[in-house]
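Pull the model up on your screen and keep the sequence beside it. We'll start with one piece, step back to the whole chain, and finish at a single side chain.

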Amino acid sequence: PRLRVCVNTYGLGRTMWWKRDVAMRALRACSTSSRTQAWSLADGVVSFARKRPPPPREEVERLLEHGLSQAGGQSGAPAAKILLEWQAMEAERDTKMALEKAKDAVRAASQDESGEKEVCEVRVASHEAVARLCTRLGMDAEAVESARQSVQEAEEALEDTPMLQWRKDGLPTTWLRAYGALGSAHLAAGDVSSAMDACSTCADVFPNPQEVEECAQDLSPKELSVACAFLDDLGRLHHVLSGLPESSGESDMEVWLQSHEAAEQCYQLCIKVLQTAKQKNEGFVELASSLPALEVLEADAHCGLSQLHVCTQSWKEAESHAEMCLAAAERAGEDSHPRIGMALLQLGHIFFHTNRLTLGEGLYRKSGELLKDTVAHDFPNKVAVHPTTLALWNWRYAQLLSLMPKRGSEVDALKTEAIQLWKAAANLKCEDALVEGLLKEAMGGIGRSPDKSIEEEEKKAGRVCKRSAVMILRMGRVIIPGHWPWANKL
């Protein structure tokens, strides 16, 4: 109780300096020889860091540093929990620094051999955080390895626990987080089969996503947060499956519809469950630091729905979800965050297809300002966005400018930049023409009228555009279904 009081007092100390000093003295006086006190200290620090509105960054950093020194330095699960909160804060402004903090959390948690349930959760979350940050940085092999370690930790913890119906035992959040991260890592690396295996492993404990919506009021804040993240991962997997190249002739349409509908269902359920999660997550301080904020999940789900509606040319619905994606992205953090640039890119793409070129050009220009400074092959000390995202921006901007008067001279440079960025991202050693063909197939050609697009011609013929690029706002990257296996054959 003394720890909780002093941390709350520290929060008041933002405006009352003398109370902050009292709180700091109380924190220093609390010995960490007691395991319970170490966990209470970690919970108090995390609680303060997540206050709304957010406290000044300098105060949060000072409290995190002091909390680490009092919770065992750089060793032990309580210290790892504080480090995870630190990486969550850094992930909003410096991806490389966030990755360092996540790796520090892995090392700290690995030195804790107490066998407590919460220690296992911290270990799983630490490996998961490393995996998701590596995915954002394009370090796919390391992301898969970290996700596997997360799964291994989760399986060891649940080795003697029968996987009964989750309605009775509660959602196995540790299990779902680990396998969700593994599925996302495999998906980013282009291994769709392994991604499907990872997600299907959870079928025994997550058999019907709709049940989560029905029982949302009975789930804890942590269960809701993990359920939302897993539904978003599952929706993304089906989304990519719906865009795989043709392979089975007449059954192609049926397969596409099944994946498309499954993706749409998962995204919509994620958004519905999010509403309950937002109500319950007020003051929530349980371990969730390696999961994105609920607003980020909401933005990602709306972005996915918008892209699905673009594939079926349901432009009104696509625009509505793109606008909601932008609103959620703006609520999630700073106005200069690149996720806002990705949301603007999606909205500008819809304006291009609906012949609002001037409005679309303005959105693309603003999107480019937010994305360009964050994309580089050495990833500067900022929020990293995968080069495939800027490749998509260059290609789509070239599409739009090719139809605008007196802007045609800018098209070739944009197209060349898109090709080079994609080649660098995939480490391709091939002719530019081959990559250009891939981008044209997945993103449409350059220099054609948007109202006579390939998509409309296929729709009239009773087909759909299967091989379309999937922009993943949460990952900060773009996936072209079937691209990586295709690239490996070059």
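Helix 10 covers residues 173–188, 16 residues in total. Keep in mind that this is a predicted model, so a quick check on the geometry is a nice place to begin. How far apart should the ends of helix 10 be? At 1.5 Å a residue, helix 10 should span 22 Å, and its end C-alpha atoms are indeed 22 Å apart, so the two agree.

Now look at what surrounds helix 10: 16 of its 16 residues are buried. Just after helix 10 comes Gly-190, and its phi is positive, near 90 degrees.

Zoom out, and you'll find 23 helices and two strands in the protein. Of its 490 residues, 59% count as buried. If you take the contacts with a separation of 6 or more, 72% are between residues 24 or more positions apart. As for the outside, the accessible surface comes to about 20,600 Å², and carbon and sulfur atoms account for 49% of that.

For the last stop, find the loop between helix 13 (221–241) and helix 14 (252–280), where Ser-242 sits. Is Ser-242 buried or exposed? Its relative accessibility is 7%, and the cut-off for buried is under 20%, so Ser-242 counts as buried. And what does the side chain of Ser-242 reach? It's the backbone oxygen of His-239, at 2.6 Å.

Notes: Residues numbered from 1 in each chain as written. Predicted model: local features only at pLDDT ≥ 70, side-chain atom pairs only at ≥ 80, totals over all residues. Heavy atoms only, no water. Helix = DSSP H or I, 4+ residues; strand = E, 2+ residues; numbered from the N terminus. Expected span 1.5 Å × (residues − 1). Buried < 20%, exposed > 50% of the residue type's maximum accessible area, 1.4 Å probe, protein only. Contact = heavy atoms within 4.5 Å. Areas by Shrake-Rupley, 256 points an atom, 1.4 Å probe, with all protein chains shown as cover. Polar contact = N/O pair within 3.5 Å; in protein donor to acceptor, adjacent residues only side chain to side chain.
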